[in-house]
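Thanks, everyone. I'll take the two ligand sites one after the other, then finish with the cysteines.

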Amino acid sequence: MSILVTGGCGFIGGNFILDYLASGGEKVINLDLLTYAGNRSSLAHLPLGSYELIRGDIRDQTLLEKIFSIHQPEAIVHFAAESHVDRSILGPETFIETNVLGTLRLLEMAKNYWKKSEGDLKENFRYIQISTDEVYGSLGPDDPPFKETTPYSPNNPYSASKAAGDHLARAYFHTYGLPVITSNCSNNYGPYQFPEKLIPLMILNALGDKPLPIYGDGLQIRDWLFVSDHTRALRLILKKGTPGQTYNIGGNSEKTNLEVVKTICRLLDSKKPKEDGKSYAELITQVKDRPGHDRRYAIDASKIKKELGFEPKISFEEGLNKTIDWYLDNKTWVDGILTGEYRSWLDTQYGQS
Ligand code: NAD
Ligand code: TYD
């Protein structure tokens, strides 16, 4: 039996496919448009019998119908998305196209396929909607962390588009009975993350002796989760999660952005000391704040712990060590990224490349 993964050439989808196959999963069909954020080389070594990449758009109904009829997947794990807040501020439309319209098309095709299926396939089929804690909005310093029951309150075009996709997924469960499960996860970091996001951007800028741009006062808080903990949680949800439920996934690791960047600098100072003898921390530069910047995200992950027995295993310091080592050891992957589209993004966003 196979599962259909969307967006598997991206950061979390790619890590999920590697983890799923390494843990005994039989076969993955990966539908990915290969946008700027998709990288086929991350999975190129996987054997053909267990992995197949189909380059295409989740909005393409004809393609979706063909994939369902040929591969008869037993589950869909839907990662494909436009995923970067700063890009959504500069150009929200592609976020609506992929995260809302694309999710709707996928749900519709999944529903048609599931309705026609029979026996074990119909009984066990799952559609996993991969979402984010950002849909819950922003917390004050003393607010309790987000629970599954916290009302959605998205503040930027990215989180608004994810919220809309999640609402559609919820509606497909309630209206049509499609066995949808939604996960809302906190900020991930680890290998294969595109360096537009905070942690890989800071690692690669530091190694390139470039400024480390901190938005505003740098005291915004995120809850950081190492990506392999997230993919393990998703395997559990796929196997044991209850249709119609949502599960929050977090790292119990709230940090300010400044703390994160200072820790990266400290680790780099010992792993790869600068030739001029200075600390990487001297590259930290305060820049204009992100418009509508959410101040704090935090996750109450007690439901997934209680119901599915999930807890993160990798501490922030350990995860950051592994991440930095990965970026230092995978120069070919990194060099492949640091070209055309990425340089023009740095120019647009930071006025430098
Ligand atoms: P990413 O940007 O690294 O990867 C997205 C992938 O989707 C890319 O491979 C891209 O080519 C593909 N894609 C984009 N549009 C497509 C389309 N129309 N059709 C098919 N494929 C398309 O994203 P990520 O960081 O791996 O995030 C994956 C999912 O997890 C997203 O849904 C995101 O909202 C969610 N999430 C991310 C984080 C995080 O910290 N990165 C945290 C919680 C949830
Ligand atoms: P990011 O990795 O874009 O994730 P998200 O916005 O989805 O949480 O950003 C994480 C935090 O880091 C967020 O508070 C914005 C901040 N940030 C900076 O201060 N400088 C940067 O150059 C980037 C990319 C992010």
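A polar contact here is a pair of N or O atoms within 3.5 Å. With that cut-off, start at ligand 2. One of its oxygen atoms sits 2.9 Å from a polar backbone atom of Tyr215. Keep in mind throughout that this is a predicted model.

Two side chains also make polar contacts with ligand 2. For Glu134, a side-chain N or O atom is 2.3 Å from an oxygen atom of ligand 2. For His293, the distance from a side-chain N or O atom to a ligand 2 oxygen is 2.7 Å. How much of ligand 2 does the protein cover? On its own, ligand 2 has 510 Å² of accessible area, and the protein covers 97% of that.

Now the shell. There are 18 residues around ligand 2. Glu134 and His293 are among the closest, together with Pro213, Arg290 and Tyr350. By class, that shell splits into 8 nonpolar, 5 polar and 5 charged residues. Which elements supply at least two residues each? Helix 7, residues 198–207, and strand 8, residues 212–215. Strand 8 gives the most, with 3 residues.

On to ligand 1. Here 29 residues form the surroundings. The nearest are Ile12, Asp32, Ser83, Tyr158 and Lys162. Lys162 also makes a polar contact: a polar side-chain atom lies 2.6 Å from an oxygen atom of ligand 1. Nitrogen atoms of the ligand take part too. A polar side-chain atom of Asp57 is 3.0 Å from a ligand 1 nitrogen. For Thr98, a side-chain N or O atom is 3.1 Å from a nitrogen of ligand 1. As for cover, ligand 1 has 850 Å² of accessible area on its own, and the protein covers 97% of it.

Which elements build this shell, with at least two residues each? Four of them: helix 1 (11–22), strand 5 (126–132), helix 6 (157–176) and strand 7 (187–189). Strand 5 gives the most, with 3 residues. By class, the shell around ligand 1 holds 13 nonpolar, 12 polar and 4 charged residues.

Last, the cysteines. How many disulfides are there, counting cysteine sulfur pairs within 2.5 Å? The count is 0. Are Cys185 and Cys265 buried or exposed? Buried is under 20% relative accessible area. Cys185 has 3%, so Cys185 is buried. Cys265 has 2%, so Cys265 is buried as well.

That's my tour. Over to you for discussion.

Terms used. Residues are numbered from 1 along each chain as its sequence is written. Chains are lettered from A and ligands numbered from 1 in the order in which they are written. This is a predicted model: local features need pLDDT of at least 70, side-chain atom pairs count only at pLDDT 80 or more; totals for chains, interfaces and linings use all residues. Side-chain values use heavy atoms; hydrogens and water are left out. A residue is near a molecule or strand if one of its heavy atoms lies within 4 Å of it. A polar contact is a pair of N or O atoms within 3.5 Å; within protein, one must be able to donate a hydrogen and the other to accept it, and residues adjacent in sequence count only if both atoms are side-chain atoms. Accessible areas come from the Shrake-Rupley method with a 1.4 Å probe; for residues, only the protein chains shown count as cover. Helices (H or I, at least four residues) and strands (E, at least two) are DSSP runs, numbered from the N terminus. Ala, Val, Leu, Ile, Met, Phe, Trp, Tyr, Cys and Pro count as nonpolar, Asp, Glu, Lys and Arg as charged, and the others, Gly among them, as polar. A disulfide is a pair of cysteine sulfur atoms within 2.5 Å. Buried means under 20% relative accessible area, exposed over 50%, partly exposed in between (1.4 Å probe, protein chains only).
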